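I sat down with a new model today and kept notes as I went. Here is what I looked up, in the order I looked.

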Amino acid sequence: GAFLGAIEALNPRLNAFITVTPELALEHAAAADAALARGEQGNLTGIPLAIKDLFCTAGVRTTAGSRILEHFVPPYESTVSANLLRDGAVFLGKANLDEFAMGSSNMTSAFGAVTNPWTRQGDNAPLVPGGSSGGSAAAVAARLALGATATDTGGSIRQPASFCGIAGMKPTYGRCSRWGIVAFASSLDQAGPVARTVEDCAILLTSMAGHDPKDSTSADRPVPDFAAACRRGVKGLRIGVPREYRSEGMPPEIEALWQQGLGWLREQGAEIVDVSLPHTKYGLATYYIVAPAEASSNLARYDGVRFTSREDGADLTELYEKTRAAGFGAEVKRRIMIGTYVLSAGYYDAYYLRAQKVRALILKDFTDVFRGVDALVTPTAPSAAFAQGERMDDPIKMYLNDVFTVPANMSGIPGLSVPAGLDAQGLPLGLQVLGRPFDEETVFAVGAALE
Ligand code: GLN
């Protein structure tokens, strides 16, 4: 009730939710009360959550932030959201996002921009919450939900968490089922939680994760108690600091918070060592080939015949063209064009195939480095939240914001963003913890020690 009231009061300004589901929330809350009355306490009984509007929710409109899915009501529930319901969660509504999760600002949503609840000191100019999970992060930061689901294809959990001063975890590729999540780039997409603290993320991930026969890339591994891992401490751990993350013309405040975080880890008994990830500098370029390539293939299904709002045409080709011209926004069209280009005969070898080879080298860098260290600590993003509208006319500048986050997607390793402090203008900045594949426990332990 209190959360629904807060949403009613603040969502008109923040636009963090595309759809609010008060009836469903009350239904879930009543079920939680009944379970508690029977003495049944699940991992999440009664915990109010926002669900990124990329997760299909049975009987609840799922838009992916796109005009083309404006009226799509899935008859099925994604595995991740079903897992949350199984453990007693209460769904408040569907969180806003960049269209098809393509963006770092939440400015590309067909349902309007999301406003970051934080502002610069002495300046009320609206700032972006980051993206693509901007609605999820803003909802949690503004206390409209205790946690939220999010997805991360190239930083979309970690960067908005950093911009909104909360925690966000992208687990290892395969840890959470992708079934029922609208696909962007299938070899990179991974679901995870955003929440106020590292431990809250750990509690949520314990419910979200798990093997699912309906997703052939989902890992058949037991799900540990991630919350317990948050209390392990960092004594005796070796923490790597990749020197390549320093060369991006980074603001001195980010460097200072980074050093402060490393100092805390050292005080708690960790050993800090310099390491090198030589292929990291190619991460962004290869990401912006692989992700659009897969997107152009995944988005071919929105043709006006299935799922979608339809525009009339004299024949089928015209129907496709008109539906896609009206239904997709500018960023989505740009990605489809890039993706189609790099996959086309004659260019495939030069772009897509080469990007896949470089991707293998990025993974090899991490494999080598993790022989000597247990985790890596870096900044999450090269800047704090920027103003709404800024960078919209300069896609390259927008893409550069993902420079620290995409290597984890290219290699599949887990990455956590932890709120690290405020910059001189009073805006939050995050530190990123990276770990070995399927060793989220160490990542959580380091993250909790940084908090
Ligand atoms: N900003 C990145 C992009 O636009 C990340 C998106 C994501 O992780 N979903 O592709």
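My entries below go from confidence, to the ligand, to the strands, helices and a few odd backbone spots.

**Confidence**

I started by reminding myself that this is a predicted model. The protein has an average pLDDT of 96, and 100% of the residues score at least 70. I also wrote down the two overall scores: ipTM is 0.97 and pTM is 0.97.

**Around the ligand**

Which residues come nearest to the ligand? I found 14 residues around it, and the nearest are Ala101, Ser104, Thr153, Gly154 and Ser156. I then sorted the shell by character: eight residues are polar, four are nonpolar and two are charged.

**Strands E1, E2 and E3**

Next I turned to strand E3, residues 90–95. Is E3 enclosed or open? I count E3 as largely enclosed by the rest of the structure, because six of its six residues are buried.

I looked up its partners too. Strand E1 (residues 17–20) runs antiparallel to E3, with three bridges between them. Within that pairing, Thr19 has Lys94 of E3 as its bridge partner. E2 runs parallel to E3, and here I noted five bridges. Lys52 stands opposite Ala95 in E3.

**Strands E5, E10 and E11**

My second set of strands centres on E10, which covers residues 415–422. Six of the eight residues of E10 are buried, so I have it down as mostly covered. Strand E5 (residues 167–170) is antiparallel to E10 and joined to it by three bridges. Met169 is the residue opposite Leu416 in E10.

E10 also pairs with strand E11 (residues 428–435), again antiparallel, through seven bridges. Pro419 has Gly430 in E11 as its bridge partner. I checked the hairpin of E10 and E11 as well: five residues lie between the strands, and Gly426 has a positive phi near 85°.

**Helices H6 and H15**

How many residues of helix H6 are buried? H6 spans residues 198–208, and 11 of its 11 residues are buried. I noted that Glu199 and Asp200 are among the buried residues, along with others including Ile203, Leu204 and Leu205. Just after H6, Gly210 shows a positive phi of about 135°.

Helix H15 (440–450) follows the loop after E11. I have H15 as mostly covered, with nine of its 11 residues buried. Among them are Glu440, Phe444, Val446 and Leu450.

**The nonpolar core**

I then looked up the largest nonpolar core, which has 134 residues. Leu49, Ala139 and Val446 have the most contacts inside it. Helix H9 (residues 283–298) gives this core its largest share, eight residues.

I followed one of those residues further. Leaving out residues up to four places away in sequence, Ala139 touches Ala16, Phe17, Ala50, Ala95, Leu144, Ala145 and Ala148.

**Odd backbone spots**

Where is there a cis peptide bond? I found one joining Gly131 and Ser132, with omega about 5°. Ser132 sits in the loop between E3 and helix H4 (134–141).

Ala64 caught my eye next, as a residue other than glycine with a positive phi, near 55°. I placed Ala64 in the loop between strand E2 (48–52) and helix H3 (79–86). Is Ala64 buried or exposed? Ala64 counts as buried because it has 31 C-beta neighbours inside 10 Å, and the cut-off for buried is 20 or more.

Phe438 is also a residue other than glycine with a positive phi, in this case near 65°. Phe438 lies in the loop between E11 and H15. With 17 other C-beta atoms within 10 Å, Phe438 is partly exposed.

**Pro74 and its contacts**

My last entry is on Pro74, in the loop between E2 and H3. Why is Pro74 called partly exposed? Because 18 other C-beta atoms lie within 10 Å of Pro74, and partly exposed falls between 12 and 20.

Which residues is Pro74 in contact with, leaving aside its neighbours within four places in sequence? I listed Cys56, Thr57, Ala58 and Thr62. Pro74 and Thr57 are 17 residues apart in sequence, and their C-alpha atoms are 6.3 Å apart in space.

Methods. Residues are numbered from 1 along each chain as its sequence is written. This is a predicted model: local features need pLDDT of at least 70, side-chain atom pairs count only at pLDDT 80 or more; totals for chains, interfaces and linings use all residues. A residue is near a molecule or strand if its C-beta atom, placed from the backbone, lies within 6 Å of it. Ala, Val, Leu, Ile, Met, Phe, Trp, Tyr, Cys and Pro count as nonpolar, Asp, Glu, Lys and Arg as charged, and the others, Gly among them, as polar. Helices (H or I, at least four residues) and strands (E, at least two) are DSSP runs, numbered from the N terminus. Two strands pair if DSSP finds at least two bridges between them. pLDDT is the predictor's confidence in each residue, from 0 to 100. A nonpolar core is a set of buried Ala, Val, Leu, Ile, Met, Phe, Trp, Tyr and Cys residues joined through C-beta atoms within 7 Å. Two residues are in contact if their C-beta atoms, placed from the backbone, lie within 7 Å.
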